[in-house]
Amino acid sequence: MIETIKGNWVGCGTVFYHEKTGAVGASIEDVIDYANLEIDTNGIAAYLDYGYAVFGRTPIKHVKFLLPNETLRVVAGKIQVVEHEDRVVDELGKQTKEEDVLDMMEERVNSWASSFQEDILIPTSGGFDSRLLNVLLKERNRIHAYTYGTSYNQNLSREVVYAKALSERLGTYWRRIDLGNFNSYMPEWYALYGVSIAASGTYHMEFFDQIANIENHKKMHLLSGIIGDAWAGAVAIPEINSLESYRKLGHTHGMSADAGQAMDVEYKEALVAPLFEKQKELLKIPEYRILATMRTKMMMLQFLITLPTHYGFEAYSPFLDQDIAIAMLNLAPERRADRLWQRDFFKKHNLLFEDEKHQYTYQNSLNYDALLNHPLEPLNVSVLREVIRPAYLEWINTTLARLNWRERVFQTLMHTPKVKEGLKLLGFKNKLLQAYFAYITIKPIEMMLLRRDAS
């Protein structure tokens with residue numbers, strides 16, 4: 001029996017495989033041999049820096065994942081991986097028309113919607129991607145839009161204010177979900193994603209869990225705006241002309257640990273250099289840099305599509321369709337800049353809230369509020385010292401435990417728009433959030449080691 005699996009064009013829904021055992025699965029947990037687990041120090045270091053498994057490697061020796069231009073075959077229980085030329089690149093630069101792109105999206109969304117009877121759940125952030133999906137779906141009576149706020153008073157969050165205004169104008173069902181206890185979902189997160197992604201999407205677990213309860217666990221389909229912003233013009237990646245600058249393709253926004261502080265391992269020569277050499281010329285093309293960024297980060301981003309299924313919501317996004325994504329990338333650069341083409345579309349539909357006067361806050365204090373609601377148990381230094389410097393672990397534990405009045409005042413200032421910018425200019429860093437992101441990146445490694453020791 002020969003099984004052939006081709007890597008997805010952007011890396012969504014990739015498969016994991018174990019070079020020695022021949023195991024293949026959709027989750028890293030499907031292929032780990034805990035009884036014989038060996039650490040891949042390069043894989044761990046890269047995982048810490050990026051906040052997710054990257055470059056086809058994982059923190060575990062012999063456990064890898066399929067990259068977009070690879071095909072995997074299992075022949076007589078042995079894994080064979082073959083690399084192909086990247087044909088997607090040939091499609092870049094063929095200029096497209098805005099109305100054609102919008103028509104294609106509308107047709108795709110509505111033909112998907114007509115393939116089933118159930119209601120359609122749209123996580124609606126008030127941003128352009130989910131706004132567009134709400135507008136393009138013709139049967140608006142089927143829409144169940146849900147939004148979570150990111151500010152301390154979640155009702156005043158810009159996401160909530162815009163999403164509410166959108167539902168009022170479109171006449172759709174809308175509801176706000178309050179978050180704040182997502183740190184308690186870490187064990188459940190690990191069961192799904194293991195050490196392939198830091199526990200950075202637990203807030204979505206709380207979000208979907210609440211929605212499933214509100215909707216009495218009825219079957220619904222989910223329409224996702226995942227990575228629409230990248231193709232549409234909101235993401236610009238600066239030039240990548242060195243091994244150091246390659247990290248920008250990770251697009252981590254600080255949501256990771258620091259491999260330099262955590263370990264004495266230099267992984268760039270082994271893992272990054274071969275990729276950089278291969279892509280050097282292509283990386284001069286701005287649109288290719290966006291594609292490369294989404295492919296690099298897809299290991300983390302794909303939870304937006306895979307997690308809803310865990311709660312009974314089968315998910316689809318037109319932005320993961322190759323022809324739609326490339327057509328968006330190929331729009332005139334001056335119309336993609338600042339997403340002008342979408343702004344004009346929303347203006348035409350009286351939905352460009354950015355041009356109107358609305359009372360809201362930009363504040364994003366979700367992670368800080370969650371820390372106050374659910375203090376984290378310290379990282380297990382005696383278990384983790386096998387791979388990570390105890391001094392770094394102690395710093396993380398101490399920083400997270402120090403929620404005294406001084407820290408609370410500082411956090412209030414750091415989560416106040418405008419004040420925050422001033423503090424950053426003065427050189428202040430939010431060490432609490434740095435420690436928090438390091439914690440949620442390292443916690444899955446701790447769980448992995450504990451599970452290995454118990455097997």
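**Arg336 and the parallel sheet**

Me: Which backbone oxygen lies 3.3 Å from a polar atom of the Arg336 side chain?
Reply: That is the backbone oxygen of Met328. Keep in mind that this is a predicted model.

Me: Thanks! Where is Arg336 found?
Reply: Arg336 sits in helix α13, which covers residues 333-336.

Me: Is Arg336 buried or exposed?
Reply: Arg336 is buried, yet has no salt bridge.

Me: What is the nearest side chain of opposite charge, then?
Reply: Glu287, at 4.6 Å from Arg336. A salt bridge here needs the charged atoms within 4 Å, so that pair does not count as one.

Me: Which residues is Arg336 in contact with, leaving aside neighbours within four places in sequence?
Reply: Among them are Trp231, Ile290, Leu331 and Trp341. Met328, whose backbone oxygen came up earlier, is in contact with Arg336 too.

Me: New topic: the sheet. In what order do the strands come?
Reply: The order is β9-β8-β7-β10-β11, 5 strands in an open sheet with parallel pairing. At the edges are β9 (173-177) and β11 (313-316), and each of these pairs on one side only.

Me: How many degrees does the twist average from one strand to the next?
Reply: The twist averages 30 degrees.

Me: And how many bridges join β10 to β11?
Reply: There are 4 bridges between β10 (residues 220-223) and β11. In one of them, Leu222 has Ala315 of β11 as its bridge partner.

Me: Which helix packs on the sheet?
Reply: Helix α6, residues 202-214, packs on the sheet and touches β7, β8, β9, β10 and β11. The direction of α6 makes about 140 degrees with that of β8.

Terms used. Residues numbered from 1 in each chain as written. Predicted model: local features only at pLDDT ≥ 70, side-chain atom pairs only at ≥ 80, totals over all residues. Heavy atoms only, no water. Pairing = 2+ DSSP bridges. Helix = DSSP H or I, 4+ residues; strand = E, 2+ residues; numbered from the N terminus. Axes fitted to C-alpha atoms, helices over the stretch in contact; angles between N-to-C directions. Contact = heavy atoms within 4.5 Å. Buried < 20%, exposed > 50% of the residue type's maximum accessible area, 1.4 Å probe, protein only. Lys, Arg positive; Asp, Glu negative; His and termini not counted. Polar contact = N/O pair within 3.5 Å; in protein donor to acceptor, adjacent residues only side chain to side chain.
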